[in-house]
Structure formats: structure tokens, C-alpha cells
Amino acid sequence: MDDRIYDAPLDSGWLLGHFKDVDDPRHTPAVEVKWGIHPRGDERLQWVRGEERTALLVLISGRFRVDFPGRSVLLEQQGDYVVWGRGVDHSWFAEDESVLLTVRWPSVSGYAVTRD
């Protein structure tokens, strides 16, 4: 049986987390994992405020900025990463087409932003 799954684009790149069906082996409240592909100019529509998770973003390719109150971190070279914890407000912007691996824990609801 071919266990590879090709539905990541349907979930905006999210591979694991609480949002998968309970009977799916990718369902877990412990962690969220995303393979994120962001076109140049892509940005988070709203700041995340009152963060309840810890996050790790690793740049695979591109140029990607993560904004925090009072400072920004620019990921420019493959393998550059940033980590932040609970209570840290943040937003982001893809300065060039970018691919990132995101790991967040725990996996909790309430952070999705819909585009109108």
C-alpha cells in the first residue's frame, strides 16, 4: 500500500495536528507540522495575539520575515530558523517565494484567519 499522502495543499500545508479527523493517524493535540509554500508578498492578515503555543520555523528556501513587537527576524539562508514561546505576539511576510517547515506545540484551535 502507498502510504504517501498528497493532501497537504488542501489543509494549507498542515500535515499533523488537532484539525485532522480523529481516526486519522495525523490527528494529535500534541504538535502541529506544516510544509508551507508562500508566494512572494504573502503575509499573515492579522497578528497572532495571546499565543498559547511554542513555534519553530525553519527556512527551506526563499526569504521570509517574522515580525514581533519591536523587532523582526529575517530568514535568508536555508536552515535559518526562529523559535518563540507562549505569549509572544507575531506576524510574518514572505519577502520572496518561500518554503518553510513549521512545528508548533501543543496543537490548539483558534488561530486560523480566513481570507475574504
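In this predicted model, Pro106 is found in the segment that follows strand 8. The peptide bond leading from Trp105 into Pro106 is cis, with an omega near -10°; in general, most peptide bonds are trans.

The chain as a whole contains eight strands and zero helices, and when it is read along the sequence its elements follow the pattern β-β-β-β-β-β-β-β. Of the 116 residues in the chain, 37% are buried. Among contacts with a sequence separation of 6 or more, 65% are accounted for by residues that lie 24 or more positions apart. The surface exposed by the chain amounts to about 7,300 Å², of which carbon and sulfur atoms supply 52%.

Strand 3, which spans residues 54-61, pairs in the antiparallel sense with strand 8, residues 98-105, over seven bridges. Strand 3 is also joined to strand 6, residues 81-84, by four bridges, and these two strands likewise run antiparallel. Both pairings can be followed at Leu56, whose bridge partner in strand 8 is Val103 and whose bridge partner in strand 6 is Val83.

Strand 8 also holds Arg104, a residue with a relative accessible area of 17%, which is under the 20% cut-off and therefore counts as buried. The side chain of Arg104 makes a polar contact with the side chain of Glu32, at 2.6 Å. When residues up to four places away in sequence are not counted, Arg104 touches Trp14, Ala30, Val31, Glu32, Arg53, Thr54 and Ala55; among these, Thr54 and Ala55 fall within the residue range of strand 3.

The largest nonpolar core comprises 13 residues, and those with the most contacts inside this core are Leu57, Phe64, Val66, Val82 and Trp84. Two or more residues are given to this core by each of strand 3, strand 4 (64-68), strand 5 (71-75), strand 6 and strand 7 (91-94). As a general tendency, nonpolar side chains in soluble globular proteins are buried together. For Trp84, with residues up to four places away in sequence again left out, the residues touched are Glu51, Arg53, Thr54, Ala55, Leu57, Val66, Phe68 and His90. Leu57 and Val66, both among the residues with the most contacts inside the core, are thus included in the surroundings of Trp84. Arg53, Thr54 and Ala55 are touched by Trp84 and also by Arg104.

Terms used: Residues numbered from 1 in each chain as written. Predicted model: local features only at pLDDT ≥ 70, side-chain atom pairs only at ≥ 80, totals over all residues. Heavy atoms only, no water. Pairing = 2+ DSSP bridges. Buried < 20%, exposed > 50% of the residue type's maximum accessible area, 1.4 Å probe, protein only. Contact = heavy atoms within 4.5 Å. Areas by Shrake-Rupley, 256 points an atom, 1.4 Å probe, with all protein chains shown as cover. Polar contact = N/O pair within 3.5 Å; in protein donor to acceptor, adjacent residues only side chain to side chain. Core = buried A, V, L, I, M, F, W, Y, C linked by side-chain atoms within 4.5 Å.
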